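Please open the model in your viewer and keep the sequence panel beside it, because this tour moves from one selection to the next. At each stop, select what is named and compare the text with what you have on screen.

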Amino acid sequence: MYKLNIPNKQHFLTEYWQKKPLVIRKAFSDFVDPLDEHELAGLAQEEEVDSRIISKKQGKWSNSPGPFSDFTPYCIGDWSLLVQSVDHYIPDAKMLLDSFDFIPNWRVDDLMVSYSEANGGVGPHVDQYDVFIIQGRGSRRWQVGANKHHDSIQPAKNLKQITGFDPIIDEVLEPGDLIYIPPGFPHNGVAITSCLNYSVGFRAPTQRELLDGFVDYAQAKNLFNLRYSDPDLTLRDSRFEIKPSEIEKLKNMFNQMINSVHFDDFIATYFTETKDVDMYEADLTENYSLNEIVNLLDSGVSFERKLDTKVIQQKVRLNNKYQMVTWINQHRINVESEHESMLFKMLNSSVLDKQTKINYADGLIFNQILAKLVNAGGWFPDI
Ligand code: SIN
Ligand code: CO
């Protein structure tokens, strides 16, 4: 279990989040690495895992994408191995990510883990995302500069760096220390000894990414087929003119789409998309009857939360009262409002079984909610 020591989280959000970088010493006391470099290398051999090795030898940078069957040609000079979404594969890595639960779940992206040899790093660069970088085993020097323009360079394929910056932070991090870097602040981490680093990354879509997602959603669901019409058309001086009122009408067609309930549903599906579930084939998940769920529970089977399960909740107005709607891996589930706190507790449980059921006041409702969690593809029976 990981406990994040940020004494006043609201103070952190007000003063630092998206505003200023910050080093937090001993953010995790007695930090234990959730994996070692050998397990990390094992992940980097897998086809479905996104990994790369960045190295610098005699001033020449290389960026080699995984998967790797042989590491020797790439681990040359000063190097780092970086692996994305380690939280999807290693339960303890997921627990480390979950310790940042003071940031809304929909903003969380993934846990990227890097292993660097002494002097290794990815070079000075700027990211567009907020990141908390936790120091694991070993130590690393971190420099962070001010958020202003810096000249970009690309010293190797798909490796974006900047020419340099004046540091406003220059510190060596030890195990359990953490550095928070908001988007736009240039930074550079250079390993002092061989070391492991854990980057908790956040997502923030651009307008165009949202638009792309919305178009895909509309197409898959065959939405928004209302066509422009102008029965009130009158003669005009120039046949080439498009009138402001006509542009306004077209804008309104857009506004209607965005203000429709479909947009809220799109947002929910967009932010609960997982690697395993195709956005629009989510309905194909295996369906368990309530009886089957109860039988499995009674026979001692435990239900585990998939490591990449994504959950978001939206408060919606239904029949004149607010109700919490829950989305799990692009599936919508509803429970009665009096069972919302039970659902919330279950959503926070990585394992649900006969034993944990005892902690819940109403066994029948527990079974029903569990069936919904399983049929939404978020939890699975560990048979
Ligand atoms: C790392 O090398 O572990 C972090 C890379 C970064 O600065 O984003
Ligand atoms: Co970075």
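Begin by selecting E246, which is buried, with a relative accessible area of 13%; here buried means under 20% relative accessible area, exposed means over 50%, and partly exposed lies in between, as computed with a 1.4 Å probe on protein chains only. Before going further, note that this is a predicted model, in which local features need pLDDT of at least 70 and side-chain atom pairs count only at pLDDT 80 or more, while totals for chains, interfaces and linings use all residues. Residues are numbered from 1 along each chain as its sequence is written, chains are lettered from A and ligands numbered from 1 in the order in which they are written, and side-chain values use heavy atoms, with hydrogens and water left out.

**Salt bridges**

Now add R236 to the selection: its side chain meets that of E246 in a salt bridge, at 2.6 Å from N to O, where a salt bridge is a side-chain nitrogen of Lys or Arg within 4 Å of a carboxyl oxygen of Asp or Glu. This pair links distant parts of the chain, since E246 belongs to helix α5 and R236 to the loop between α4 and α5, 10 residues apart. R236 counts as partly exposed, because its relative accessibility is 23%. Helices (H or I, at least four residues) and strands (E, at least two) are DSSP runs, numbered from the N terminus.

Side chains of opposite charge can pair when their charged atoms come close. A search of the whole structure finds 9 salt bridges. Select D98 next and ask which residues it pairs with, starting with K94. The closest N and O atoms of D98 and K94 are 3.3 Å apart, and the two residues are separated by about one helical turn, because they lie 4 residues apart in helix α3. D98 counts as partly exposed at 30% relative accessibility, whereas K94, at 12%, counts as buried.

Keep D98 selected and add R305, which also forms a salt bridge with D98, the closest N and O atoms being 3.6 Å apart. Here distant parts of the chain are linked, with R305 in strand β14 (residues 303–305) and D98 in helix α3, 207 residues apart. R305 counts as buried, at 17% relative accessibility.

**A histidine in a loop**

Move to H88, which you will find in the loop between β4 (78–83) and α3 (91–98). Is H88 buried or exposed? Its relative accessibility is 18%, so H88 counts as buried. If you leave aside its neighbours within four places in sequence, H88 is in contact (heavy atoms within 4.5 Å) with K275, L307 and D308.

**Helix α4**

Select residues 207–221, the 15 residues of helix α4, and set a distance between the C-alpha atoms at its two ends. They are 21 Å apart, which agrees with the 21 Å expected at 1.5 Å a residue, the expected span being 1.5 Å times one less than the number of residues. Colour G213, F214, Y217 and A218, the buried residues of α4. They cover an arc of only 135° around the axis, which puts them on the same side of α4; the arc is that of the directions from the helix axis to the C-beta atoms. R208 and Q219 are exposed on the other side of α4, while what covers its buried residues includes α5 (244–259) and α6 (261–271). Just after the helix comes N222, whose phi is positive, near 50°.

**Helix α7**

Go on to helix α7 (residues 290–298), where I293, L296 and L297 are buried. Seen down the axis of α7, these buried residues fall within an arc of 100°, so they line one face of the helix. The face turned away from that buried side carries the exposed residues N291 and N295. To see what the buried residues of α7 pack against, show β14, β18 (351–352), α9 (354–357), α10 (363–375) and β19 (379–381). The helix is followed by G300, whose phi is positive, near 90°.

**Cysteines**

Finally, select C75 and C195. The structure holds 0 disulfides, a disulfide being a pair of cysteine sulfur atoms within 2.5 Å. The sulfur of C75 is 14 Å from the closest cysteine sulfur, in C195, which is too far for a bond. C75 counts as partly exposed at 23% relative accessibility, whereas C195 is buried, with a relative accessible area of 0%.
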